[in-house]
Amino acid sequence: MSIKKKEIFVLNEKEEKNKNIMLSETLLTFFLFSGMLLFLKDFSYSVWCLAAAFSVGIIVMILHWITGKSEEAEGRMKMVLYISGIVIFVVTITMTTQGFLYMADCFLGMCNARFQTEATLFAVGSSAGVGSVILWGLFSEVIVSFMLSQIKKNNIYGILILMIPAAAAGLILGQSDMWLAVILSLAGFFGIFVVYSTKNRTFGMRGIFSLTVIAILVGGISLAAGGYKKSAELEQWKEKMVEDIEKIRYGEDTLPKGDLRKAAGLLDGEDETLKITMNQPQQLYLRGFVGGSYEGTKWSELPYSAYEGDYEGMLQWLKNNSFSPLSQFAAYDKINAEVSGKNSDYMRVTVENTGAYRKYVYLPAVADAWENGVDHKDWNVESKSFFGANRYQFQVPEGQATADGMVPGNWLGNPSGDSQTEYVNAESVYHSFVVDSYTEIQDDLKSRIMEEFFQGDKTPEEMDFDELTTQIRQGLRNHIRYTETPEELPDEDVVSWLLDGEKEGNAVAFASVAVMAYRAVGYPARYTEGYHLSDMDAGDAADAGEKELTLTTKNAHAWAEVYISGLGWMPVEVIPGMYTETYTDQLVEGKPSYRVNEVRDDSGADTADEGTEGGTGIEEQKTVRKYDWKTVLGILVFILYAMFVLYLILELQRALRKKIRKNQKKQSAAEGFLVEWYVAEMEKIFLIGRVKGDFSDPTALYDEIKEGFPGIRPEEYFRACELIQKYRFGGIKLQAHELRVLKGITEKFEKCLYQKQHFPGKLKLRYIYAR
């Protein structure tokens, strides 16, 4: 082959290699950029923001590809992009500012929802939509250019600076599924690892094909596992982690906290929970968990989005007007006492938490002037202490504690005086919120309840509250048999299931159905859990002259709370035998007169299994959980999430250790000990490469070096040894070009060590030795 042909061949080979490298860099940028956008998609105004970002990003990548062969052309292209970006930003600054504020609102709103904060959102104008699209386009231009420059420099830390906040925002705050973002990011980082672990970065088409296969396999697994929707296993794992942390802080009790599938354990055991001290014992419904949103198998607190929009800042406005939904009845009662000319007698109650869940300050709906607690929205009172409330006090009016027979005062319709007017104005605002937020019910469930609970001569519109309550209680008795230990509830719509035929249930089931029944007829209602001191137990203690009462897990309870216009949230008891009511000429009060769990045939005879002592009369069934292929694949998707988080942690610690080593090198150079630093680095590399021998005589180590580091030529090794001996034994300071020789041989040792390793060895070098 002639010299000219050989030169042409070398040039063509070099050009082909450069093309492969550019293709690899472009693909890696695409993976990482796409992953980053998908992590942040919940912060976009609309799908057009993502479309604009993807479009601009791809255009920038193509321009870099076209101009990458010439540094001059690439430089001009970058200048054009920067100038055009600045011009567009300046011209549209009013719109892009609105777009930025919208993104800030998204971030604050998600933080509020995730961490239960109450950060105030910014006011956003009508141009936020257009501004967001422009902002995302400009954002993508900068990000793609930066990512390409970092990939070309093999600077993974610059990329991590972008990816870690994006991934954290998406995985922690985002509401959408992030499986595709995780896959693309993993593919990008894995690709960088593969590209820069190959000799001379000759990744080429083979590496591209490998990355494509990996992406297809991982994507297929995620899609088959249901990655297109939220992973139930992942969400349950997150909830379990929160529960475990709260158990450490607040302890635990038998209250299911809205999880209807845990209803069977409500009354388990007889462990002490609360000690109550009051001069004149009376019935108390001590509120803990409050559920405003029904989700089929559980009750959840009202979403934070309910307090946005028209009701943004409502709770703060109510507070500024001296109106608290959690002490509303006490405020009403005091004004009502002034109107009627009667003194409202209040009693001090002391509670010591001896075994209940300490997050809540358990208070009745009629409580006032409590301590050691802070209002949690309009739901309940939570402890100020990190480990929860152990002891607190509050006041209650003497007398009735439930909604039965409550009649709002006439002054509510015609207020006079400042206190009455302020109360009515504030109550009307809160009442509007309550009607909008606590009356949600599915149409089919509403129709079913109306058909099965209200078949009498009167329509619900013609009934007063007491008549509606009587009708609902009767409907519950017809559909549910009370038992303290019901069978496990199904993983489906529990309320609908309870209305199918005759079912058994405890207070959790009765309260859940009752809440939906009240909502069906237009009354705002919510599900509540806590502890109940019954009227009977309070009466027995009063008769015995006792002032201290002890509640146990047997006092754990669930009930419906209904908003009585003008009065506030009041408990409604719906468990047969625990309320006083006249119906069909029979007075029902105290404990149930029937045997719990009895099963009767059509003639009314007891058909419970007499041979099963203490049984329910229902054959006990074991629940066997089945794991199908989607569950298994879902676990694999979760493992991918965990791998991504682990990868970020490993890269961060590696970056930190390399930074420390770099600073040590700078300090050694400043103190004149740079040669010693290079010698120490080479010795560390020899130890990692398992070189044995006397490190104080490097010339005697060559046979070991030749075997362990085959890429090191003898002349360059002995040249480095001569320079070290010149410095150590001759006391001669090395020149800059001689120091570069030591630097080069050190880096070559490290490179040879890396190339010699298999994949596990490379991982060990990268993350254990930070090389």
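I began with the secondary structure of the chain, which comes to 23 helices and 16 strands, and I noted at once that this is a predicted model. Of the 771 residues in the chain, I found that 46% count as buried. I then looked up the contacts with a separation of 6 or more, and residues 24 or more positions apart account for 75% of them. For the surface I recorded about 39800 Å² exposed by the chain, with carbon and sulfur atoms supplying 56% of that area.

**Entry on helices H1 and H2**

I turned to Thr26, which lies in helix H1, residues 3-39. Its relative accessible area is 19%, and because buried means under 20%, I entered Thr26 as buried. Leaving aside residues up to four places away in sequence, I found that Thr26 touches Met61 and Trp65.

Trp65 came up again when I looked for nonpolar surface, since Phe30, Ile58, Ile62, Trp65 and Ile66 make a nonpolar patch of about 450 Å². I asked myself which helix gives the largest share of this patch. The largest share, 4 residues, comes from helix H2, which covers residues 47-67. I checked Ile66 as one member of the patch: Ile66 lies in helix H2, and it counts as exposed because its relative accessibility is 55%, where exposed means over 50%.

**Entry on the negative patch**

I next looked for charged surface and noted a negative patch formed by Asp537, Asp540, Asp543 and Glu546. Of these residues I followed Asp543, which is found in helix H17, residues 535-543. With a relative accessibility of 70%, Asp543 counts as exposed.

**Entry on salt bridges**

My search of the whole structure finds 25 salt bridges, and I went through several of them one by one.

I took the bridge between Lys257 and Asp253, where the closest N and O atoms are 3.4 Å apart. Are the two partners buried, exposed or partly exposed? Lys257 has a relative accessible area of 29% and is therefore partly exposed, whereas Asp253, at 15% relative accessibility, counts as buried.

I then looked up Glu382, which forms a salt bridge with Lys359, the closest N and O atoms being 3.9 Å apart. This pair links distant parts of the chain, with Glu382 in strand E7 (residues 380-383) and Lys359 in the loop between strand E5 (346-353) and strand E6 (373-376), 23 residues apart. I noted that Glu382 and Lys359 are both buried.

For Glu561 I wanted to know which residue is its salt-bridge partner. The partner is Arg526, and the closest N and O atoms of the pair are 3.0 Å apart. Here too the pair links distant parts of the chain, with Glu561 in strand E13 (residues 556-564) and Arg526 in strand E11 (residues 525-533), 35 residues apart. I entered both Glu561 and Arg526 as buried.

I closed this entry with a network, in which salt bridges that share partners join Arg713, Glu715, Glu716 and Lys748.

Terms used
Residues are numbered from 1 along each chain as its sequence is written. This is a predicted model: local features need pLDDT of at least 70, side-chain atom pairs count only at pLDDT 80 or more; totals for chains, interfaces and linings use all residues. Side-chain values use heavy atoms; hydrogens and water are left out. Patches are made of residues with over 30% relative accessible area and no salt bridge: like charges are joined within 9 Å, nonpolar side chains (Val, Leu, Ile, Met, Phe, Trp, Tyr) within 5 Å. Accessible areas come from the Shrake-Rupley method with a 1.4 Å probe; for residues, only the protein chains shown count as cover. A salt bridge is a side-chain nitrogen of Lys or Arg within 4 Å of a carboxyl oxygen of Asp or Glu. Lys and Arg count as positive and Asp and Glu as negative; His and the chain ends are not counted. The place of a charge is taken as NZ of Lys, CZ of Arg, CG of Asp or CD of Glu. Helices (H or I, at least four residues) and strands (E, at least two) are DSSP runs, numbered from the N terminus. Buried means under 20% relative accessible area, exposed over 50%, partly exposed in between (1.4 Å probe, protein chains only). Contact means heavy atoms within 4.5 Å.
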